[in-house]
Amino acid sequence: NQVNNDALKETLESIIADVEEGKSLSTALSKFSSIFSSVYISLIRAAEGSGLLDKALLRLAKTLEKQQKLKGTIKGALAYPVIVVTMMIAVVFTMMIFVIPQLSSLYESLSVSLPLPTRIMINLSNFTIRFWPIVLAIIAVTLYLFTRWHKTLEGKLTIDGVLLKMPIFGKIIKNSILSEFSRTLGAMLGSGTLVIDSLKEASDVTGNILYRNAVVDVAKRIEKGVTMGDAMSVYAIFPQNLVELVKIGEQTGKLDETLIRASEYFENEVDQSVKILTTALEPAIMIVLGIGVAFLVFSIITPIYQLTNAIQ
């Protein structure tokens, strides 16, 4: 009754009908995999078997809130530079198509000797006007080929590896993955799900094939009798502090609680990195904008200034 979205309301009514017919809640939810993730359904299924459904739902609510906060933090940090860069590209494109050609015709009619920056701007403008369909086609084909390559195993390994090694952004991506992984794994274990099944489910939330492969291999090593901490220590993508926390959690029998604390630690690291990134990006963007505007103004004004001096 509290839901305002009609599509979600229909979904919930269908779930209610299934439960009233005697189906389990997890079975009813599994019909709507586009809304409820596999981790969500697995947590509910495990909680039904252990009789801890109320605690599992509370844990899920907290997990979803944390996920939303983390995504919001990252999106908020990237929104400003993306908007500024987009506007800058739009302004430059408008100048190239409409303004520069008019000035170019004026300079040609007056036979003014043009400085190098102005000649560069005019040549770029002429190139853009004449060959923009070809440029757009090349960009479209490049994006298409890149998308297809990214879907291959080699492409995923390459791109995901590069993302993790990027300055500043790589650290944010890595810590956000570790936060999601630790939180999901802790929630799964806390609901009574077996360690192997929990790892397999948590591997899907990483969104990075390097971490996914590592987590799946950790699960295989555990099946052979290796502890989780020792299995994770094989991979450098798991930081030493997380490995030590997992070992402590295994020794104390509170691995789920330890993982939740680890997720909070990595989430705080993401917050700090995002703040640093935001602080550093603003002056950097202003400098780039200043240089770009100065170049445009210099290119346009210099010939006019020379013409004025010649008339005087």
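**Exercises on helices and aromatic pairs**

At 32% relative accessibility, Trp-149 counts as partly exposed, the class between buried (under 20% relative accessible area) and exposed (over 50%), with a 1.4 Å probe and protein chains only. The model is predicted, so local features need pLDDT of at least 70 and side-chain atom pairs pLDDT 80 or more, while totals for chains, interfaces and linings use all residues. Residues are numbered from 1 along each chain as its sequence is written, and side-chain values use heavy atoms, without hydrogens and water.

**Exercise 1.** Classify the ring pair of Phe-146 and Trp-149.

*Solution.*
1. Rings of Phe, Tyr and Trp (its six-membered ring) pair if their centres lie within 6.5 Å; planes under 30 degrees apart are stacked, over 60 edge-to-face, and the rest tilted.
2. Phe-146, at 39% relative accessibility, is partly exposed.
3. For Phe-146 and Trp-149 the centres are 6.1 Å apart and the planes stand at 50 degrees, so the pair is tilted.
4. Both residues lie in helix α5, three residues apart, about one turn of the helix.

**Exercise 2.** Compare the span of helix α7 with its expected value.

*Solution.*
1. A helix is a DSSP run of H or I with at least four residues, and a strand one of E with at least two, numbered from the N terminus.
2. The expected span is 1.5 Å times one less than the number of residues.
3. For the 22 residues of α7 (residues 169–190) this gives 32 Å; the end C-alpha atoms are 31 Å apart, which agrees.
4. Since 17 of these 22 residues are buried, α7 is largely enclosed by the rest of the structure.
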